[in-house]
Structures are given as C-alpha cells and as structure tokens.
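Thanks for making time this morning. I would like to take you through one structure, starting with its strands, then its cysteines, and ending with its internal space.

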Amino acid sequence: MKIYRIWQLPHNNPQLFREYNAEKFDIYDYCCVWWDNWDNTLEIRKQLEEIFTKFNVDLPEHFAGHSLSVSDVIEVFDMDKNIHNLYYCQDIGFTLIH
C-alpha cells in the first residue's frame, strides 16, 4: 500500500516559493499538511500532476495548507517496502530529491 503526504513550509520561511536548492533544503523545516492514499493505477508523473491539480482547483474541505506551489514537497511512501520518495514542486513539474 502506498500513501502520499504533502509537506509545506511555514509562511515565515525564507525558502517559501523558491526553486529547489539542495544546499538549503531540509525536510525538517516542513510541516505535513495532508496525506491520502496513492493511486497505483497511474504512473508517478501523472499522479503528481493529478495531485497538483486537485490542490489548486478543488481543495479538500479539511486541507490545512495553501494551494500546492513551488517549494512544496510530495512524499510517496510505500508502506510495504518502507520506501520514501520526495518530489519537490518546481515552476514546471517536480524534481525527485530523495
């Protein structure tokens, strides 16, 4: 089973809405604002695009964060294999950072 989590920086963080910089990135600066089941029927890039659209067009009722944007991170966690992948939201698309 896979889940995804959305991580966002607090509003006062200077890296908010900035392109990925490996030297300045620290996941411990982020807060988890949402998690849900991952759709295993879609390939990863397509699923990331679907999540991006959902969190910009039709925000869930209890979503505590802001619209998905640059500097946000989507973590894909395979609970069966204990594998985490982190995808950093860029101006266009996502960058796999872990």
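Which residue in the turn of the hairpin formed by β4 and β5 has a positive phi? Bear in mind, please, that this is a predicted model. The residue is G93, with a phi of about 80°, and it sits in a turn where four residues lie between the two strands. β4 and β5, the latter covering residues 94-96, run antiparallel and are joined by three bridges.

On the other side of the discussion is β3, residues 73-78, which pairs with β4, residues 83-89, in the antiparallel sense over six bridges. These two also form a hairpin with four residues between them, and here the turn residue with a positive phi, of about 55°, is N82. Y88 ties the description together, since this β4 residue is the bridge partner of V73, while in β5 the bridge partner of Y88 is T95.

Now to the cysteines, where a search of the whole structure finds zero disulfides. For C32, the closest cysteine sulfur is that of C31, and because the two sulfurs are 8.9 Å apart, they are too far from each other for a bond. C89 is likewise in no disulfide, the nearest cysteine sulfur, that of C32, being 16 Å away. C32 counts as partly exposed because its relative accessibility is 36%, whereas C89, at 2%, counts as buried.

Finally, the internal space: the count comes to one cavity of 30 Å³ or more, and about 80 Å³ of space lies in the largest cavity. Its lining includes Y88, along with L9, F25 and D29 among others, and by class the lining has five nonpolar, three polar and four charged residues.

Key. Residues numbered from 1 in each chain as written. Predicted model: local features only at pLDDT ≥ 70, side-chain atom pairs only at ≥ 80, totals over all residues. Heavy atoms only, no water. 1 Å grid on protein atoms, 1.4 Å probe; cavity = no way out; pocket = protein on both sides within 12 Å on 5 of 7 lines; lining within 4 Å. Points joined across faces, edges and corners; volume = space filled by probe spheres on them. Nonpolar A, V, L, I, M, F, W, Y, C, P; charged D, E, K, R; others polar. Disulfide = S-S within 2.5 Å. Buried < 20%, exposed > 50% of the residue type's maximum accessible area, 1.4 Å probe, protein only. Pairing = 2+ DSSP bridges.
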